[in-house]
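Here are my notes, set out as numbered points for you to check against the coordinates. I begin with the covalent cross-link and then move on to strands, core and charges.

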Amino acid sequence: QLQASGGGLVQTGASLRLSCAASGRTFSSYRMGWFRQAPGKERVFVATISPNGGSTYYTDPVKLRFTISRDNAKNTMYLQMNSLKPEDTAIYYCAAKWPVGDYWREYDYWGQGTQVTVSS
């Protein structure tokens, strides 16, 4: 089970840190990811991190602004979001998958989402 939190309403240029808490004893075995869904649009990949945290990937619009990380001892993943823009407004979902296949799709487990709203 995944629980995302940390969203909110901020102004352009502000920062937020999202958290995703996972239950269970096998968190460190899973690839974790963040996705987002803007109003009227499909859910899209944002960032992912390998099971041991050694590799990360980002979608181009968030590169150099967002940082994904994880603490396997706490069963928690994070998304540090800096220099937020209005186009970052979306519901952010955390997700998990067994570390096989493409890193940007086919995730098996999903959290409930947390709303991020960036005002101009």
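1. A disulfide joins cysteine 20 to cysteine 94, with an S to S distance of 2.2 Å; the term covers a pair of cysteine sulfur atoms within 2.5 Å. A search of the whole structure finds one disulfide. The pair links distant parts of the chain: cysteine 20 sits in strand 3 (residues 16–22) and cysteine 94 in strand 9 (residues 90–97), 74 residues apart. Strands here are DSSP runs (E, at least two residues), numbered from the N terminus. The torsion about the S-S bond of cysteine 20 and cysteine 94 is about 70°, so the disulfide is right-handed.

2. Before you go further, please keep in mind that this is a predicted model, where local features need pLDDT of at least 70, side-chain atom pairs count only at pLDDT 80 or more, and totals for chains, interfaces and linings use all residues. Residues are numbered from 1 along each chain as its sequence is written, and side-chain values use heavy atoms, with hydrogens and water left out.

3. Are the two cysteines buried or exposed? Cysteine 20 is buried, at a relative accessible area of 0%, and cysteine 94 is buried at 0% too. The cut-offs are under 20% relative accessible area for buried, over 50% for exposed, and partly exposed in between (1.4 Å probe, protein chains only).

4. Strand 11 (residues 114–119) is a nice one to look at, as its side chains alternate: Thr114, Val116 and Val118 point to one face and are buried, while Gln115, Thr117 and Ser119 point to the other and are not. Four bridges join strand 11 to strand 2 (residues 8–11), and these two run parallel. Three bridges join strand 11 to strand 9, and that pair runs antiparallel. Pairing requires that DSSP finds at least two bridges between the strands. For landmarks, leucine 9 stands opposite threonine 117, and tyrosine 92 stands opposite threonine 114.

5. Now for the interior. The largest nonpolar core has 28 residues, and those with the most contacts inside it are Met32, Trp34, Met77, Leu79, Met81 and Tyr92. Such a core is a set of buried Ala, Val, Leu, Ile, Met, Phe, Trp, Tyr and Cys residues joined through side-chain atoms within 4.5 Å. Among the strands that each supply at least two residues of this core are strand 3, strand 4 (31–37), strand 8 (76–81), strand 9 and strand 11.

6. Which residues does methionine 77 touch, leaving aside its neighbours within four places in sequence? Its contacts (heavy atoms within 4.5 Å) include Cys20, Phe27, Met32, Trp34, Ile49, Ile68 and Cys94. Both cysteines of the disulfide are therefore in that list.

7. The count comes to four salt bridges, each a side-chain nitrogen of Lys or Arg within 4 Å of a carboxyl oxygen of Asp or Glu. Arg36, Arg65 and Asp88 are linked in a network. Arginine 36 meets aspartate 88 at 2.9 Å (N to O), and arginine 65 meets aspartate 88 at 2.7 Å. Arginine 65 lies in the loop between strand 6 (56–58) and strand 7, and aspartate 88 in the loop between strand 8 and strand 9, so the pair ties together parts 23 residues apart in sequence.

8. A last look at burial of the charged groups. Arginine 36 is buried at 11% relative accessibility, arginine 65 at 10% and aspartate 88 at 1%. Aspartate 102 forms a salt bridge with arginine 105, at 2.7 Å between the closest N and O atoms; aspartate 102 is partly exposed at 26%, and arginine 105 is partly exposed at 40%.
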